[in-house]
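Hello,

Here is the structure I promised to pass on to you. Have a look through it first, and then read my notes underneath.

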Amino acid sequence: MSRFILHCDLDCFFAAVEARDNPKYIGNPIIIGADPKNGKGRGVVSTCNYEARKFGLHSAMPISQAYKRCPHGIYLHPNFEKYHKASKEVMEIVNSYSDMFQQVSIDEAYLDISDKCKNVIEVRDLAKKLKDEVQKKVGITISIGCAPTKSIAKIASDHNKPNGVTVVKPEYIKKFLSPMDITRIPGIGKKSQLYYNKKGIKTIGDIINLTLPKMVQLFGKNGEWVWNVANGFDTREVKEFHGDRKSISKERTFFEDTDDFNEILSKLEEINNRIHKSVIKNKIHYKTVSLKIRLEGYLTFTRAHSFIHHIQDKKKVLRVITELTNEFSTMNKKVRLVGIKLSNLKKSPSTFQKTIINYLEN
Ligand code: TTP
Ligand code: MG
């Protein structure tokens, strides 16, 4: 059965949030980034809206150059707090359509809706509903691509921007991709483009027309990946947490070195809470807990404790961390940094196993 994978990407994200909050700017070119200082400014464009793109402006362009091309534009400093809030609101909506959700940047996420839709008509309806909900609740537009693989879904979301939905059926993959420039494949940048062009390969169709052994012979590992993408054989799944990840950790440095153990323990509790937010969201269980502690003068220590079984238990981790920290309370040294690492990870066992493990451990 074919998979239905969505790639959702907000349109000119930072600029869209600013337009939403300042309706008087709508219709004008809006540029987010460094101060142009009448053409003498340093720094770059973070993003700009589609009106500004008509003047050739784009992300990462020097702001001085943007100003030359579009002096009448509205230039604004980024307000990251606002963008993070909007991103969180959007991602919550996207995630509410399926648990198989993977956020990949501040404004894009994958969603596997294979078990929610029976056919392409239902996929389209779901994508439109999702778009409308984002527009209504957050006030910005999102473009959505749907395809049987992650890479083609990503290419599809970019195909009809802004505010578009593009669904690529398995039987149309070849027709859809063939005319496109090879740089549309994630992973082929300007440098690889030159290399591919030298061998006479310009469009994705040129790749589809080659055999896999020929691609490997010409371009090695990269050739293999590109050929798989072009032929719809990218088998990567939509998941937040990759099973091959070895550990998850967080650390914090104190503003000033401290020997106040209440302060140290409350910092560790805060780190533990933050780590567990991610651990719970990604359904991760762990077996080993490590404490990292750096004293003044850069002396760094780690101490670890392993449980018998994989667990997910914030209170237990805090108890272990507190015990491990005690060793350092008598050293008469100030502490500069503390951190927690969880390792020996695995994805959630079934609820049944979880109950048994909790039972045994208690
Ligand atoms: P993108 O999704 O790449 O760009 P975009 O959302 O602005 O435009 P598009 O409609 O083409 O998707 O990036 C998301 C946000 O990340 C963007 O709004 C601003 C920020 N960003 C930068 O700050 N610098 C950069 O070089 C890029 C590419 C993005
Ligand atoms: Mg975007």
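**The three-stranded sheet**

Strand 2 is paired with strand 3 (residues 45-48) in the antiparallel sense, over three bridges. One of the contacts to look at there is Gly33, whose bridge partner in strand 3 is Val45. Please keep in mind as you read that this is a predicted model.

On to the other partner of strand 2: strand 2 and strand 4 (residues 74-76) run parallel and are joined by three bridges. Here Ile31 stands opposite Tyr75 in strand 4. Together these strands make an open sheet of three, in the order 3-2-4, with mixed pairing. Strand 3 and strand 4 are the edge strands, each pairing on one side only. On average, neighbouring strands of this sheet are turned by 25° against each other, direction ignored.

What happens on the two faces of strand 2 (residues 30-33)? Both are covered: Ile30 and Ile32 on one side are buried, and so are Ile31 and Gly33 on the other. As background, side chains in a regular strand alternate between the two faces of the sheet.

Following the chain from strand 2 towards strand 3, you will meet Lys37 in the loop between them. Lys37 has a positive phi of about 45°, although it is not a glycine. With a relative accessible area of 55%, Lys37 counts as exposed, because the cut-off for that is over 50%. A second residue of this kind is Ala60, which is not a glycine either and has a positive phi of about 75°. Ala60 sits in the loop between helix 2 (50-53) and helix 3 (63-69), and it is exposed, with a relative accessible area of 54%.

**Domains and the five-stranded sheet**

Stepping back, the protein is divided into domain 1 (5-13 + 81-172), domain 2 (19-78), domain 3 (175-230) and domain 4 (247-361). The centres of domain 2 and domain 4, taken over C-alpha atoms, are separated by 44 Å.

There is also an open sheet of five strands, with the order 5-6-1-7-8 and mixed pairing. Strand 5 (101-105) and strand 8 (165-167) stand at its edges with a single partner strand each, so one side of each has no neighbour in the sheet. From one strand to the next, the twist averages 15°. Strand 5 pairs with strand 6 (residues 108-112) in the antiparallel sense, over four bridges, and Ser105 stands opposite Glu108 in strand 6.

While you are in this part of the chain, look at the peptide bond from Lys161 to Pro162: it is cis, with omega near -5°. Pro162 is placed in the loop between helix 6 (150-157) and strand 8.

**The magnesium ion**

Which residues hold the protein donors of the magnesium ion (ligand 2)? They are Asp9 (OD), Leu10 (O) and Asp107 (OD), at 2.0 to 2.3 Å from the ion. In sequence, the donor residues are spaced D-L-x96-D. Leu10 and Asp107 link distant parts of the chain, being 97 residues apart: Leu10 is in strand 1 (residues 5-10), and Asp107 is in the loop between strand 5 and strand 6. Leu10 and Asp107 are both buried.

Why is the arrangement around the magnesium ion (ligand 2) called octahedral? The six donor atoms subtend angles of 79 to 176°. The test for six donors is that opposite ones are over 155 degrees apart and all others between 65 and 115, and this site is therefore assigned as octahedral. For comparison, the ideal angles for six octahedral donors are 90 or 180 degrees.

**Aromatic rings**

A search of the whole structure turns up ten aromatic pairs. In one of them, the ring centres of Tyr195 and Phe219 are 5.9 Å apart and the planes lie at 70°, so the pair is edge-to-face. This pair also links distant parts of the chain, with Tyr195 in helix 8 (residues 190-198) and Phe219 in helix 10 (residues 212-230), 24 residues apart. Tyr195 is partly exposed, with a relative accessible area of 43%, whereas Phe219 is buried, at 10%.

Elsewhere, Phe13, Phe14, Phe80 and Tyr83 form one aromatic cluster.

Best wishes

Terms used:
Residues numbered from 1 in each chain as written. Chains lettered and ligands numbered in written order. Predicted model: local features only at pLDDT ≥ 70, side-chain atom pairs only at ≥ 80, totals over all residues. Heavy atoms only, no water. Domains from an automatic or database assignment. Pairing = 2+ DSSP bridges. Axes fitted to C-alpha atoms, helices over the stretch in contact; angles between N-to-C directions. Donors = N, O, S within 2.8 Å, 3.2 Å for Na, K, Ca; no water. Tetrahedral: all angles 85-135°; square planar, octahedral: opposite > 155°, others 65-115°. Buried < 20%, exposed > 50% of the residue type's maximum accessible area, 1.4 Å probe, protein only. Phe/Tyr/Trp six-rings, centres within 6.5 Å; stacked < 30°, edge-to-face > 60°.
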